[in-house]
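User: I would like to go through this model step by step. Short answers, please, each ending on the value or name I ask for.

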Amino acid sequence: IAQAALGNARHHASSAKILVSLSFQPEAVTLTVSDDGPGFAVPPSFEPLSGLGLAHMRAEVIVAGFTVTSTTAGTAVTCFLKHQTAAKP
């Protein structure tokens, strides 16, 4: 997801800055890739976009949350993976 988000930002955002953030909390790991490009209209569903970067990123998310926000001030792709708790015997 990070690779696809970085590629999209590099190829499409015309941004001066791309920020990658990876944080670890007790409940989840969160990855955010954001840029300061011009933004775009985020489609309501990524399903019809087969073959595009957003659809590819969404397909990779299995046990995670995934959001894309975009304004004229930039775009952010955020993915979080909840920690799995070990099954008790």
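User: Where does His83 lie relative to the strands?
Analyst: This is a predicted model. Strand β4 covers residues 74-82. His83 therefore falls outside that range, in the segment after β4.

User: Why does His83 count as partly exposed?
Analyst: Partly exposed covers the range between 20% and 50% relative accessible area. His83 falls inside that range, because its relative accessibility is 39%.

User: Which residues does His83 touch, leaving out those up to four places away in sequence?
Analyst: One partner, Val29, is 54 residues away along the chain. The C-alpha atoms of His83 and Val29 are nevertheless 7.3 Å apart. The full set of contacts is Gln25, Pro26, Glu27, Ala28 and Val29.

User: In what sense do β1 and β2 pair, and over how many bridges?
Analyst: β1 spans residues 18-24, and β2 spans 28-35. Three residues separate the two strands in a hairpin. Within the pair, Ser21 stands opposite Thr32. The pairing is antiparallel, over seven bridges.

User: Which residues make up the largest nonpolar core?
Analyst: This core has six residues in all. β2 and β3 (64-71) each supply at least two of them. The members are Ala5, Leu31, Val33, Phe66, Val68 and Val77.

User: Which residues of helix α1 are buried?
Analyst: Helix α1 runs over residues 2-12. One of its residues, Ala5, also belongs to the largest nonpolar core. Just after the helix, Ser14 takes a positive phi of about 50°. The buried residues of α1 are Ala4, Ala5, Gly7 and Ala9.

User: What pattern does the protein chain follow along the sequence?
Analyst: The chain has two helices and four strands. Read along the sequence, they follow α-β-β-α-β-β.

User: Which element has the lowest confidence?
Analyst: The mean pLDDT of the chain is 76, with 71% of residues at 70 or more. Over residues 47-51 the pLDDT is below 50, and this stretch has four contacts beyond near neighbours in sequence. Where pLDDT is low, the predicted coordinates should not be read in detail. Confidence is highest in β1, at a mean of 95, and lowest, at a mean of 54, in helix α2.

User: What share of the residues in the protein chain is buried?
Analyst: The accessible surface comes to about 6,100 Å², with 61% belonging to carbon and sulfur atoms. Buried here means under 20% relative accessible area. Of the 89 residues in the chain, the buried share is 29%.

Note on methods:
Residues numbered from 1 in each chain as written. Predicted model: local features only at pLDDT ≥ 70, side-chain atom pairs only at ≥ 80, totals over all residues. Heavy atoms only, no water. Core = buried A, V, L, I, M, F, W, Y, C linked by side-chain atoms within 4.5 Å. Buried < 20%, exposed > 50% of the residue type's maximum accessible area, 1.4 Å probe, protein only. Contact = heavy atoms within 4.5 Å. Pairing = 2+ DSSP bridges. pLDDT = per-residue confidence, 0-100. Areas by Shrake-Rupley, 256 points an atom, 1.4 Å probe, with all protein chains shown as cover.
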